[in-house]
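Me: Could you take a close look at one part of this model for me? I'd like the helix and whatever packs around it, plus anything bound there.

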Amino acid sequence: MEQQPTLTKLKRSTPYPRNCTFNPEDWTILSQYWYPVAQCSEVTEKPIAVTLLDVNLVLYRTKGQLVAARDLCVHRGTPLSMGWVEDDEIVCPYHGFRYNTEGKCTSIPAHPDANISPRLCMTVYPVIERFGLVWTSLTGDMENLPSFDAWEDPEFQQIVCPNFDIKGSAGRQMEGFLDVAHFAWVHTETFGDRNNAFVPKYKVENTDYGLNVEYISTVSNYSKEQAHLNLEGFKWRRVFDVYPPFTATLKVYFPEGGQLWIMNAVCPISARQTRLFVPIARNFDKDLPVEGVYEFNLRVFDEDREMVENQKPEDLPLDLQMEAHIMADQTSIAYRKLLKKMGLSFVYTS
Ligand code: FES
Ligand SMILES: [Fe+2]
């Protein structure tokens, strides 16, 4: 069993953000879950600013620890991401207040001898590194990290694709990842085929973590350039696992035992802005340059982006009456029902 993330001792609640794009009820629910906010390699001693659910965060490393905190100095509201790390503490650039990795303020240079109130602190969030990504949660209350065994498997090569930003909602993006009827229409330049649009019946199961879907079809996963490798009549098996709210994995079974595992891990920056992280593992072509994987995935996600950024309403309607459904949409329907069960509203944002 993998070790589960633990909460830091100094847990504090984060107020509902000003100009928040989620309604307060939805924001409160979403803030309990874990999300990826950066690639591990992006976080160094130099603090960086990221946004999760309209909350500005700062990420940095001290010698021994990775820190995710609210990007706000409580003295005068300066973003701590403008500061720097020194002796395992982050220093605010405005008046030099220092905070340790637990968020405690340890120094007020203007009054070196004064007692520092314990209330004067930086809000620190629970944080964990997994699948090449930094995950955090504003409360850490819900355990929704996905399982992705191939990440630890020496038979597989592990690749983290470059981050992908979308001007659209996380729910629409996620649903697009789970949608099997669009391959033939949207992915015509990468792996889809307009002459193979039929969606056979498939199986969707509710699980303790979310959903498990098994889809078997003749839709090849080879790129157009590699299409000749496909075997006539080969049945392609795709297994989706959904970890609500916004993470899913897809395992694609290639001819001759090849496996490609793709994680669609979504950071809802706001209700209209989404950052997609894509860890990938494969047990074939391991000697080929990873740039080929980056490039192919970028093309696939670019094709999806055009749809996701233009759908209306921008949010995923959880009221099933609001859109028309076909047989092929079983996964989407089950996904919308799960989000509804989490307590999100009918059209779950603003
Ligand atoms: S605003 Fe950070 S020390 Fe004053
Ligand atoms: Fe797609």
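Reply: The buried residues of H4 are covered by, among others, strand E12 (157-166), H2, H3, strand E17 (259-268) and strand E18 (274-282). Keep in mind that this is a predicted model. The buried set in H4 itself consists of Val293, Phe296, Asn297, Val300, Phe301, Glu303, Asp304 and Val308. They sit on the same side of H4, because the arc they cover around the axis is only 145 degrees. As for the helix's length, its 19 residues should span 27 Å at 1.5 Å a residue, and the end C-alpha atoms are 26 Å apart, so the two agree.

Now pick out Asp304 from that buried set. With 17% relative accessibility, Asp304 falls under the 20% cut-off, so it counts as buried. Asp304 also supplies two of the entries in the donor list of the iron ion (ligand 2): His182 (NE2), His187 (NE2), Asp304 (OD) and Asp304 (OD), at 2.1 to 2.6 Å. Along the chain, those donors follow the spacing H-x4-H-x116-D. That ties together distant parts of the chain: His182 is in the loop between helix H2 (170-178) and helix H3 (183-186), while Asp304 is in helix H4 (residues 290-308), 122 residues apart. His182 counts as buried too, because its relative accessibility is 12%. What about the geometry around the iron ion (ligand 2)? The four donor atoms subtend angles of 55 to 150 degrees, so the arrangement is irregular.

Back to the strands over H4, which include E12 and E18. Gln39, in strand E1 (residues 35-39), is worth a look here. The Gln39 side chain makes a polar contact of 2.8 Å with the side chain of Asn163. Beyond its neighbours within four places in sequence, Gln39 is in contact with Gly132, Leu133, Val134, Val160, Cys161, Pro162, Asn163 and Phe277. Gln39 counts as buried, because its relative accessibility is 12%.

One more stop, just along from there: Ser137, in the loop between strand E11 (133-136) and E12. Ser137 has 0% relative accessibility, so it counts as buried. A polar atom of the Ser137 side chain lies 3.1 Å from the backbone oxygen of Tyr33, and one lies 3.3 Å from the backbone nitrogen of Thr139. Leaving out residues up to four places away in sequence, Ser137 touches Ser31, Gln32, Tyr33, Trp34, Tyr125 and Pro126.

Definitions and conventions: Residues are numbered from 1 along each chain as its sequence is written. Chains are lettered from A and ligands numbered from 1 in the order in which they are written. This is a predicted model: local features need pLDDT of at least 70, side-chain atom pairs count only at pLDDT 80 or more; totals for chains, interfaces and linings use all residues. Side-chain values use heavy atoms; hydrogens and water are left out. Donors are N, O and S atoms within 2.8 Å of the metal (3.2 Å for Na, K and Ca); water is not among the atoms, so sites may look incomplete. Four donors count as tetrahedral if all angles lie between 85 and 135 degrees; four count as square planar and six as octahedral if opposite donors are over 155 degrees apart and all others between 65 and 115; anything else is irregular. Helices (H or I, at least four residues) and strands (E, at least two) are DSSP runs, numbered from the N terminus. Buried means under 20% relative accessible area, exposed over 50%, partly exposed in between (1.4 Å probe, protein chains only). The expected span of a helix is 1.5 Å times one less than its number of residues. The arc is that of the directions from the helix axis to the C-beta atoms. Contact means heavy atoms within 4.5 Å. A polar contact is a pair of N or O atoms within 3.5 Å; within protein, one must be able to donate a hydrogen and the other to accept it, and residues adjacent in sequence count only if both atoms are side-chain atoms.
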